[in-house]
Each structure stands twice: as C-alpha cells, then as structure tokens.
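Subject: The structure we talked about

Hi,

Here is the structure I promised to hand over. Have a look at it first, then read my notes underneath.

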Amino acid sequence: MQRHTVGAGLDAERQLLDRIYDGQHDSGLLLWRPLHAALVMPRRMSRLPAFEVAQRACLEQGWPIALRDTGGEPVPQSSAVLNVALAYAVPREENELTRIETAYLRLCQPLCDWLADLGLEPGLGEVEGAFCDGRFNVNLEGRKLVGTAQRWRRRQSDGRHVVLAHGAILMGNQREAMVEVVNTFYRVCGLGTRCRAGSHIALEECRADAWDASGQLAGYYRRMLGAAGIDTDL
C-alpha cells in the first residue's frame, strides 16, 4: 500500500491509466491511502456560483477541496480511506455492450470475496442517503462501505478500450465528519442533496483488524485477472 497526498494519489491513478493506455502493460493495480483529508469533487463543480464560499467553509472544517477529472459527486478522502485503482485493457473478444458493467464487477467481486473470507456478508446496490451513491456500491449490513467509479479511454494503436476502475473503502469510522463536510458543501452551494452518516459503515466497525487484512487484497485481484485471461504483473 502506498501513502500519498490526495493530489499525488489522483496523479498516481492517472499515471497508472496512462501506462495501460500506452501499452506498457495490459493491467495494473494501485492501492493507496491518503496522508491527509480532502473533499474530492468533479472539476465542473468549481463553476458553481457559491463555490469559493463553500471551499472556505470546507477548509474551516479541515477539508480542503481537490478537483478530479471524472464526474459524480463530492467524496471525502482521508487516512480513514483505502483506495483501490484497477486498470486494464479490455480483451478483444469481450462484449462491447457490457464492458462498463464487466469493469465494475471486476473491481467489486474481489472486494466481495475478500470481505466474505473475513466472515462478512457484502452486497452491491444503492443506499439511500449515502454520498456519491451508485448501483455498484459495495455494502455491508445495508450500508455503504465502498464507493466506485470508472474512467475510460480508447487506444489509438489497437482500438482497445482501457479502463481505470476505482473503489474507495471506508476503513476507519470517520462517517460523521465526512457527511458533515459533504452536507456543508451542498448547503453553502444552495443544493438540495443531503447525506446521512447512518447510510455508511466503516470496515473497522466490523473487523478490528481491517487494515492488517487489507494486505491480502492484491492477491484477490491477481486471481481475478488471471481467470479473465488478462496479463498481469501483480
């Protein structure tokens, strides 16, 4: 697991995607943990009329804002989060129509297998009241544990699609502070969305050895990529 500032972690994910896009490898995995807190959101949100006021309000709570290239909603990042970035070139024989769902499943299934082997019962689906909610959340006890997202590119060299699939695992229980800063941003910007701390769960609430157990994760992705016939150096 690597430790990065949030900005450096986002850059490391871009570099991982670039390496796959450039054909240096067919797949890659990055596990990283932030050194500090930040509220990460799409660059488009910086164009909101009250953005600068909201930025100051979040900073006063200890959450500077960082902007990302992809869409979605604000997501808190801190040392309580483990980020999983999986990048690969889609095999030529795979169905073009299902590549997005397949990429989410390749990100989520190793997480679910890992959690199941820890004696937990994970599932996928939306959770009302969760920040940056989505159909491919990984959940425990009906509450969101992992948020997921994707970024796609297409190689000019061979026409293959390349994806970076990202998961943010809430390892430590910082739910209250995270929801508070997301709601502060929405409120100051005059947006109606509100999130609830009770819609989230931290892995440490279920397993005291959560961080120690995370050392096993890379092996789950290695096995998944091998079974899919995707070359890997993991």
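Below is what I found, going from the sheet to the helices. Keep in mind that this is a predicted model.

Start with the sheet. Seven strands make it up, in the order S1-S2-S6-S10-S9-S8-S7; the sheet is open and its pairing is mixed. At the edges you'll find S1 (2-4) and S7 (122-124); each of them has a single partner strand, so one side of each has no neighbour in the sheet. On average, neighbouring strands are turned by 25° against each other, ignoring direction.

Now zoom in on the S7 edge. S7 and S8 (residues 138-140) run antiparallel and are joined by three bridges. One residue to click on is Pro122, whose bridge partner in S8 is Leu140.

Next, the helices. H1 packs on the sheet, where it touches S1, S2 (27-34), S6 (81-89), S9 (143-154) and S10 (161-170). The direction of H1 makes about 180° with that of S2. H6 (residues 217-227) lies across S2, S6 and S10, and runs at about 20° to S6.

How far should H1 span? H1 has 16 residues (6-21), so at 1.5 Å a residue the expected span is 22 Å, and the 23 Å between its end C-alpha atoms agrees with that.

Which residues of H1 are buried? Among them are Val6, Gly9, Leu10, Glu13, Leu16, Leu17 and Ile20. As background, an α-helix has 3.6 residues a turn, so residues three or four places apart point the same way. After H1 comes Gly23, with a positive phi near 85°.

Happy browsing!

Terms used:
Residues numbered from 1 in each chain as written. Predicted model: local features only at pLDDT ≥ 70, side-chain atom pairs only at ≥ 80, totals over all residues. Heavy atoms only, no water. Helix = DSSP H or I, 4+ residues; strand = E, 2+ residues; numbered from the N terminus. Expected span 1.5 Å × (residues − 1). Buried < 20%, exposed > 50% of the residue type's maximum accessible area, 1.4 Å probe, protein only. Pairing = 2+ DSSP bridges. Axes fitted to C-alpha atoms, helices over the stretch in contact; angles between N-to-C directions. Contact = heavy atoms within 4.5 Å.
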